[in-house]
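Student: Could you take me closely through a single part of this model, and then show how that part fits into its surroundings?

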Amino acid sequence: MWPWKRKPKEIDASDLDLARLPRHIAIIMDGNGRWARKRGLPRTMGHRAGVEALRAIVKECSRLGIEVLTVYAFSTENWRRPKEEVGVLMSLLTEYLRRELDELHANQVVVRSLGGLSELPLEAQIELKKALERTRKNNGLILNLALNYGGRAEIVEAVQKIGTLVRQGKLKPEEIDSETFAAHLATAGLPDPDLLIRTSGEMRLSNFLLWQLAYSEIVVVPELWPDFNEHCLNEAIKAYQKRDRRFGGLSGS
Ligand code: IPE
Ligand code: IPE
Ligand code: MG
């Protein structure tokens, strides 16, 4: 059924420092179109292959005991793509949730989402709601699906919510601080990403988690998303573990 096959491989995570894993990994899954073009396939086949990469990475994060994995699956700007491609991306989402929900649930994964769900096709909304509801009480990996997500839209929405509280007299403008602000974002209650991975070599944020990525370590890898596997993930985590996170302070302080 698939025009390609993932190579079965032995994963060796033994050289990872398991005591210093990132709590939250965010991924910009980029390069599906280029992956397909390289093979003379339509872009949509790249997206199909991308779903398989996602399955493998979710499993690996869950196995490693990562707390949160946030994946950028569809941006507020991706609506600019041809209607057919958008349609395929949406049906792949529906298909992914239908196919994977039992296994995700069995592995204690908590499915969550970021972004404007009401603009997604009804079918996708239904599957997503089902997944959110069914996995709500699990205690494993939190899988955050960023769908119709944009960092600027998220910030604007937070400002609107805070503005309403101020108007209602429930909050004073001088009481608004970073914590109050973060509590009104879609990621409220979650730690900020420690590690941001972007595949396919592009060095930009493309409107992803603009607030939350303030101090994340960024690892850009050349692999196109469908080629990104467990080994690539381990390498990215290793690169992260070599970084000196100073948060504006001094090394080792
Ligand atoms: C990422 O791959 C998937 C989405 C943005 C939905 P692209 O479709 O952006 O692939 P390229 O960047 O064109 O290769
Ligand atoms: C970012 O990739 C969005 C997702 C991965 C969902 P894009 O391919 O849309 O980003 P640009 O257009 O190259 O910045
Ligand atoms: Mg792209």
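**The sheet and one of its edges**

Tutor: In this predicted model, Ile218 counts as partly exposed because its relative accessibility is 43%. Ile218 lies in strand 6, which spans residues 217-220, and together with Leu205 and Leu210 it makes a nonpolar surface patch of about 210 Å².

The setting of that strand is an open sheet of six strands in the order 3-4-2-1-5-6, paired in parallel. Strand 3 (110-114) and strand 6 stand at the edges with a single partner strand each, so one side of each is left without a neighbour in the sheet. On average, and ignoring direction, neighbouring strands of this sheet are turned by 20 degrees against each other.

Moving inward, strand 1 (residues 24-28) runs parallel to strand 5 (residues 195-198), to which four bridges join it, and Ile25 has Leu195 in strand 5 as its bridge partner. Helix 7 (residues 230-241) packs on the sheet, where it touches strand 1, strand 5 and strand 6, and its direction makes about 135 degrees with that of strand 5.

Strand 1 is also joined in parallel to strand 2 by five bridges, with Ile27 standing opposite Val71 in strand 2. Strand 2, residues 68-75, is mostly covered, seven of its eight residues being buried. Strand 2 in turn pairs with strand 4 (residues 142-149) over seven bridges, again in the parallel sense, and here Thr70 stands opposite Asn144 in strand 4.

Notes
Residues numbered from 1 in each chain as written. Chains lettered and ligands numbered in written order. Predicted model: local features only at pLDDT ≥ 70, side-chain atom pairs only at ≥ 80, totals over all residues. Heavy atoms only, no water. Patch = residues over 30% accessible without salt bridge, like charges linked within 9 Å, V, L, I, M, F, W, Y side chains within 5 Å. Areas by Shrake-Rupley, 256 points an atom, 1.4 Å probe, with all protein chains shown as cover. Salt bridge = Lys/Arg side-chain N within 4 Å of Asp/Glu carboxyl O. Helix = DSSP H or I, 4+ residues; strand = E, 2+ residues; numbered from the N terminus. Buried < 20%, exposed > 50% of the residue type's maximum accessible area, 1.4 Å probe, protein only. Pairing = 2+ DSSP bridges. Axes fitted to C-alpha atoms, helices over the stretch in contact; angles between N-to-C directions. Contact = heavy atoms within 4.5 Å.
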